[in-house]
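Work through the following exercises with the sequence and the 3D structure open beside you. Try each task by yourself before you read its solution.

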Amino acid sequence: MATINVTDDGFQKDVLDSDKPVLVDFWAEWCGPCKMIAPALEELSEEMADQVTIAKMDIMENTGVPGQMGVQSIPYLVLFKNGEPAAQMRGAAPKGQLKQWLESAL
């Protein structure tokens, strides 16, 4: 399963009400580090599809949820479990490190 795009309007349904954990990548088109981790997140979304959904939220197009969550720097990854933030990571990291962090948080 490839990453999904999530919006302010769909956040409740796609993330908070999800039956399985959802990792949300808060990003923007102009963010270099965000672009650097995008391929790794795509690969992880395929490799870990049975364990987690990986979603991307463009903070320039969707300002409500990032504002409520106090997103101040990107990339900002938040893992939601049972509708609640369970783990977070700021900044870019190599795929192996992202996967290790994600597995330990699940």
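In these exercises, helices (H or I, at least four residues) and strands (E, at least two) are DSSP runs, and they are numbered from the N terminus. Keep in mind throughout that this is a predicted model.

**Exercise 1. The fold in outline**

Task: Find how many helices and strands the protein has, and work out in which order these elements run from the N terminus on.

Solution: Begin by counting, which gives four helices and five strands for the protein. Next, follow the chain from the N terminus and write down each element as it comes, so that the order reads β-α-β-α-β-α-β-β-α, by the definition of helices and strands as DSSP runs.

**Exercise 2. Overall dimensions**

Task: Compare the radius of gyration of the protein with that of a compact globule of 106 residues.

Solution: Start from the expectation, which for a compact globule with 106 residues is a radius of gyration near 13 Å. Then take the value of the protein, which is 12 Å and therefore agrees with the expectation. For a picture of the extents, note that the C-alpha trace spans about 30 × 30 × 20 Å along its principal axes. Turning to the contacts with a separation of 6 or more, residues 24 or more positions apart account for 73% of them.

**Exercise 3. Surface and charge**

Task: Describe what share of the residues is buried, what the exposed area consists of, and how many charged side chains of each sign there are.

Solution: First consider burial, where 45% of the 106 residues count as buried. Next consider the area that the protein exposes, which is about 5600 Å², with carbon and sulfur atoms supplying 49% of it. Finally count the charges, which gives 8 positive and 16 negative side chains, and note that the centres of these two sets lie 5 Å apart.

**Exercise 4. The disulfide**

Task: Decide which cysteines form a disulfide, and describe the link between them.

Solution: The cut-off needed here is that a disulfide is a pair of cysteine sulfur atoms within 2.5 Å. The sulfur atoms of Cys-31 and Cys-34 are 2.3 Å apart, and this pair forms a disulfide. By this rule the count for the protein comes to one disulfide. To describe its geometry, look along the S-S bond, about which the link of Cys-31 and Cys-34 has 80 degrees and is right-handed. As a last step, check the surroundings, where both Cys-31 and Cys-34 are buried.

**Exercise 5. Backbone details around strand S4**

Task: Examine the loops on either side of strand S4 (76–81), and say what can be noted about the backbone at Pro-75 and at Asn-82.

Solution: Begin with the loop between helix H3 (64–69) and strand S4, in which Pro-75 lies. The peptide bond from Ile-74 to Pro-75 is cis, and its omega is near -5 degrees. Move on to the loop between S4 and strand S5 (84–90), where Asn-82 lies. Phi of Asn-82 is near 55 degrees, which is a positive value in a residue other than glycine. Asn-82 counts as exposed because its relative accessibility is 75%, the cut-off for exposed being over 50%. Gly-83 is placed in the loop between S4 and S5 too, yet Gly-83 is buried, since its relative accessible area is 18% and buried means under 20%.

**Exercise 6. Three residues and their contacts**

Task: For Leu-77, Met-89 and Leu-106, determine whether each is buried, partly exposed or exposed, and then find residues that each one touches.

Solution: Take Leu-77 first, which lies in strand S4 and is buried because its relative accessible area is 0%. Leaving aside residues up to four places away in sequence, Leu-77 touches several others, among them Leu-23, Ile-37, Leu-41, Met-89 and Trp-101. Go next to Met-89 in strand S5, which counts as buried because its relative accessibility is 13%. With the neighbours in sequence left out as before, the contacts of Met-89 include Pro-75, Leu-77, Leu-98 and Trp-101. Met-89 and Pro-75 are 14 residues apart in sequence, and their C-alpha atoms are 8.3 Å apart in space. End with Leu-106, which lies in the segment after helix H4 (95–105) and is partly exposed, because its relative accessible area is 31%. Its contacts, counted in that way again, include Pro-21, Met-48, Val-52 and Leu-79.

Technical notes:
Residues numbered from 1 in each chain as written. Predicted model: local features only at pLDDT ≥ 70, side-chain atom pairs only at ≥ 80, totals over all residues. Heavy atoms only, no water. Rg over C-alpha atoms; globule rule 2.2 N^0.38 Å. Buried < 20%, exposed > 50% of the residue type's maximum accessible area, 1.4 Å probe, protein only. Contact = heavy atoms within 4.5 Å. Areas by Shrake-Rupley, 256 points an atom, 1.4 Å probe, with all protein chains shown as cover. Lys, Arg positive; Asp, Glu negative; His and termini not counted. Charge placed at Lys NZ, Arg CZ, Asp CG, Glu CD.
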